[in-house]
Amino acid sequence: MSNGHTNTFPKLHNAAWPGVVGKGGEGNDPPIELDTMLDLTAAAEVDGIKFDGVDLFLFAPHVDIDAGEDELKALADKVRSRNLVIGSVVAPVWPPTGGGPALDPGEGREKFLTQVRKACGIAKKLKELGVRPYGVVRIDSACSPAEWAADPETSQANIAETFKQAAAIARDHGERLAAEGEICWGGMHSWKTMVDLLERVGEPETVGFQADMAHTLLYTLGENAPEDRILPRDFAWDDRNALDAALKTLTDALRPWTIDFHVAQNDATVFGSGSHDHTGRHCLPNDPNGKLDIPHHAGFWLRDADGNLTKKFDHICWDGCMFPNSVMMQPQTWNDILAKMIAVRDQHGY
C-alpha cells in the first residue's frame with residue numbers, strides 16, 4: 001500500500017442504498033441510479049487507495065428482489081467492470097417492500113421468510129458469479145417498538161422463531177444473517193433486547209449482529225428504551241471518558257455476536273421518518289456536530305476487550321443514509337468518506 005498505509009484488510013466498501021433510502025415521493029430527492037452510485041464509489045481515491053467494493057439493497061430500482069439470472073449476470077458485470085466487488089446485501093423484509101413483520105406468526109412471517117429466501121438466493125448466485133467473495137445478508141424485525149410493546153414476551157418469542165426459520169433458509173444457501181441494531185426496530189430497539197433476541201435465536205454461526213456506529217450510539221441514550229440507557233441523563237458530550245465507558249459496556253455485550261460492521265458518524269439527534277420510528281441521523285464523517293471519533297470508536301468493535309484485533313470481518317462498509325443528492329453527487333464527499341475508512345483500517349486493520 002502507498003504512503004504508509006500497510007494494511008489491506010478489512011476491505012473497504014461503500015453502501016449503495018443511500019441512493020434509494022429516503023429518496024422518491026413527494027418532497028424528496030429522486031433516487032440515484034445504481035450505475036451512478038457505482039461510478040461515484042469507483043472514482044473516489046485517497047493516497048492511491050480506492051474502495052474495494054459495494055454493499056447493496058436488494059430492492060428496485062437498484063437490484064430487483066425478483067431479478068433473474070441474466071439480470072444478476074449483468075449486475076455482476078457492471079460491478080466488476082468498475083474493479084469493485086459485492087459484499088453484504090440487504091433483504092427487503094419490511095411490509096412496504098414486500099416483506100412482513102417478524103413478530104406476526106402468520107402472514108407476516110411468511111412474507112418475511114419469502115424475502116429472506118429470495119435474498120439468500122441472490123446472494124448465493126452472486127458468489128457463484130465470482131463477484132461476491134464475502135459478506136452477509138442483512139435483516140431486522142420489520143416491526144416498530146410500539147408494535148412490539150403491545151405484548152413484549154410474545155413479540156420477542158415470535159421474532160426469535162421467525163429468525164430461527166430464516167436461519168435455516170440461510171444455511172441452505174451457505175449464507176449468514178446479520179440483524180442491524182437500530183432503535184426503530186421492535187425487539188432490537190435497545191442493546192439489552194438485542195442481546196436477548198440473539199440469545200433466544202441461539203445460532204451465532206448463522207444469525208449475528210450488524211453494528212452500525214451511528215445507530216449503536218443511540219443505544220447508549222435509551223431513546224426507545226429509557227430503562228436500558230447507559231449514559232447518564234445529564235451527560236455532557238465533552239466527557240469523552242464517560243462516552244468511552246458507555247461504548248465499552250455496549251460493545252462488550254454485542255461484539256461477540258457481531259458479524260458485519262458499518263463505519264458511520266452520528267450527531268446524537270433522533271428523528272422519525274416513515275417506517276423508521278425514532279432512529280439516528282447519519283452525518284458526514286467531518287460533520288462538526290458528530291459525536292464519534294470514528295477511528296478511535298471503531299476500535300471498540302474491531303478489537304476485543306483486551307485490545308486485540310478480532311479479524312472477524314473481511315470487509316467494513318460506510319453507511320450514510322439520508323444525505324441530500326446535492327451532497328452525494330460531489331466527488332469530495334466520497335473522498336472524505338474513503339479517507340475516514342482508510343484511517344479506521346490504518347488503526348485497526350491487518
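**The barrel, helix 2 and the H5 site**

Let me begin with one side-chain pair: H5 and D346 make a polar contact of 2.7 Å between their side chains; a polar contact is a pair of N or O atoms within 3.5 Å, where within protein one must be able to donate a hydrogen and the other to accept it, and residues adjacent in sequence count only if both atoms are side-chain atoms.

Before I continue, a word on the source: this is a predicted model, in which local features need pLDDT of at least 70, side-chain atom pairs count only at pLDDT 80 or more, and totals for chains, interfaces and linings use all residues. Residues are numbered from 1 along each chain as its sequence is written, and side-chain values use heavy atoms, with hydrogens and water left out.

To return to H5, this residue lies in the segment before strand 1 (11–15); helices (H or I, at least four residues) and strands (E, at least two) are DSSP runs numbered from the N terminus. The side chain of H5 also has a polar contact with that of D47, at 2.8 Å. With neighbours within four places in sequence set aside, the contacts of H5 (heavy atoms within 4.5 Å) are D47, I49, I342 and D346. H5 is buried, its relative accessible area being 11%; buried means under 20%, exposed over 50% and partly exposed in between, with a 1.4 Å probe and protein chains only.

I turn to the sheet. Eight strands close into a barrel with parallel pairing, in the order 1-2-3-4-5-6-7-10; two strands pair if DSSP finds at least two bridges between them. Strand 1 is joined to strand 10 (residues 315–318) by four bridges, with L12 opposite I316. Three bridges link strand 1 and strand 2, and there H13 has G53 as its bridge partner. Of the five residues of strand 1, four are buried. Further round, two bridges connect strand 3 with strand 4 (residues 137–139), where V89 faces V137.

Finally, helix 2. Which residues of helix 2 are buried? They are L72, L75, A76 and V79. These residues cover an arc of only 100° around the axis, which puts them on the same side of helix 2; the arc is that of the directions from the helix axis to the C-beta atoms. An α-helix has 3.6 residues a turn, so residues three or four places apart point the same way. The buried residues of helix 2 pack against helix 1 (34–43), strand 2 (53–57), strand 3 (85–90) and helix 3 (107–128).
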